[in-house]
Amino acid sequence: MTTATASLAARTVFRIGYGALQLERLHDRRGDAVALLRRAVELGVDHVDTAEFYGFGFANDVIREALRPEDDVLVVTKVGADPDPGGHLPLRLAQRPEQLRASVEDNLRSLRVDRLAVVNLRRLDTGPGLRPEGDQVVGLDDQLAVMTALRDEGKIGAIGLSSVTLDGLRRALPAGIVCVQNAYSLVSRDDEDMLQLCEAEGIAWVPFFPLGGAFPGLPRVTDEPAVHAVAESLGVTPSQVGLAWLLHRAPNVLLIPGTADAAHLEANMAVSAMTFDAATLATLDAVESRSNEVPIG
């Protein structure tokens with residue numbers, strides 16, 4: 001049996017939050033986007049993950065409109081990339097200290113708050129996705145220096161890390177890290193040692209790409225026969241099995257699944273009530289873990 005809550009930045013939050021990236025799919029239906037986020041709060045979400053580059057600011061706009069002070073929702077944002085509407089990708093890297101500071105200011109403005117509760121420093125050291133080049137290759141110590149300065153100034157409340165290595169996390173611990181967001185799922189468990197370190201240090205582990213399959217050719221939880229067998233036996237979906245496995249993995253795991261669909265939102269939230277017996281867990285744990293690095297070439 002898993003507990004329903006865990007600690008994040010000295011707050012007790014429900015272990016299933018909401019990732020705001022998918023709100024962009026409702027760009028032309030703003031009212032629906034606001035209603036979806038309101039529904040998430042009704043279902044118990046008190047932890048929302050966002051970024052200024054989600055929908056070129058649209059996600060932050062919706063969060064600002066939908067969330068009320070009395071909801072007491074912890075909004076976590078991230079820096080390390082900025083929106084780039086005209087670019088080949090919808091974002092550009094922004095790893096330099098002055099860019100991190102500017103990104104914090106952008107999030108303060110778009111969310112219309114005086115302080116960002118938690119800001120994740122999105123590095124690009126590991127996992128699927130871009131790698132820094134040229135002047136975007138920046139030392140972690142230089143980045144942590146500006147992040148701690150922003151915290152000292154009261155512009156951010158707490159610091160998290162994303163796409164970091166185990167060595168990077170160890171070096172960052174003295175800065176007071178409250179959460180780590182890395183790609184991690186049943187089919188890609190390379191960061192097991194980091195998850196254990198986070199548990200020992202009281203740091204929330206918030207996996208992104210929790211069902212794998214972020215890019216073509218990478219393993220997907222929902223392709224696993226064992227996952228389908230468990231889903232069928234429990235009368236749930238393979239996606240729910242993959243999310244529930246994460247909650248069973250360690251007590252400091254928090255989920256931030258995203259969706260633009262209310263029924264899918266309700267299915268995600270229902271995962272908190274799912275339980276696995278020892279035999280089912282052993283079956284899932286036996287699924288092979290593969291790399292989530294994007295093949296080159």
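# Close-up views

**View 1. Strand S8 is mostly covered.** Of the 7 residues in strand S8 (residues 116–122), 5 are buried. Before going further: this is a predicted model, so local features need pLDDT of at least 70 and side-chain atom pairs count only at pLDDT 80 or more, while totals for chains, interfaces and linings use all residues. Residues are numbered from 1 along each chain as its sequence is written, and side-chain values use heavy atoms, with hydrogens and water left out. "Buried" means under 20% relative accessible area, "exposed" means over 50%, and "partly exposed" is what lies in between (1.4 Å probe, protein chains only). The strands and helices are DSSP runs, numbered from the N terminus: E of at least two residues for a strand, H or I of at least four for a helix.

**View 2. S8 belongs to an open sheet of 7 strands.** Going across, the order is S3-S4-S5-S8-S9-S10-S11, and the pairing is parallel. At the edges sit strand S3 (18–19) and strand S11 (204–205), each pairing on one side only. Two strands count as paired if DSSP finds at least two bridges between them. Strand S4 (residues 47–49) and strand S5 (residues 74–79) have 3 bridges, in the parallel sense. Look for His47 here: it stands opposite Leu74 in S5.

**View 3. On one side of S8 runs S5, joined to it by 4 bridges.** S5 and S8 run parallel. To find your way from one strand to the other, start at Thr77, whose bridge partner in S8 is Val119.

**View 4. S9 pairs with S8 too, over 6 bridges.** This pairing of S8 with strand S9 (residues 156–162) is parallel as well. Asn120 stands opposite Gly160 in S9. To get from S8 to S9, the chain passes through helix H4 (residues 140–152), making a right-handed β-α-β crossover. Right-handed here says that, with the strands pointing away from the viewer, the path from the first strand over the helix to the second runs clockwise. Another bridge partner pair to pick out is Arg122 with Ser162 in S9. S9 is mostly covered, with 6 of its 7 residues buried.

**View 5. Next along comes S10, linked to S9 by 4 bridges.** S9 and strand S10 (residues 177–181) run parallel. Ser162 turns up again in this pairing, with Gln181 as its bridge partner in S10. Helix H5 (residues 166–172) completes the picture, forming a right-handed β-α-β unit with S9 and S10.

**View 6. Leu169 is one of the residues that touch the most other members of the largest nonpolar core.** That core has 78 residues, and Tyr18, Leu23, Leu37, Leu161, Ile177 and Val180 are listed with Leu169 for touching the most other members. A nonpolar core is a set of buried Ala, Val, Leu, Ile, Met, Phe, Trp, Tyr and Cys residues joined through side-chain atoms within 4.5 Å. Leaving out residues up to four places away in sequence, Leu169 touches Leu161, Ile177, Val180, Met194, Leu197, Cys198 and Ile203. Another core, of 13 residues, lies apart from the largest one, and Ala158, Val178, Cys179 and Ala204 are among its members.

**View 7. Cys179 and Cys198 are not bonded to each other.** Why not? Their sulfurs are 9.0 Å apart, too far for a bond. A disulfide is a pair of cysteine sulfur atoms within 2.5 Å, and the structure holds 0 of them. Both cysteines are buried: Cys179 has a relative accessible area of 2%, and Cys198 comes in at 0%.

**View 8. Helix H7 has a buried side and an exposed side.** In H7 (residues 225–234), Val227, Val230 and Ala231 are buried. They lie on the same side of H7 because they cover an arc of only 100° around the axis, the arc being that of the directions from the helix axis to the C-beta atoms. On the other side, Pro225, Glu232 and Ser233 are exposed. What do the buried residues pack against? Their partners are helix H8 (238–249) and helix H10 (278–285).

**View 9. Leu234 in helix H7 is partly exposed.** Its relative accessible area is 39%. Setting aside its neighbours within four places in sequence, Leu234 is in contact (heavy atoms within 4.5 Å) with Met274, Thr275 and Phe276. Leu234 and Thr275 are 41 residues apart in sequence, with 9.4 Å from C-alpha to C-alpha. Just after H7 comes Gly235, which takes a positive phi of about 70°.
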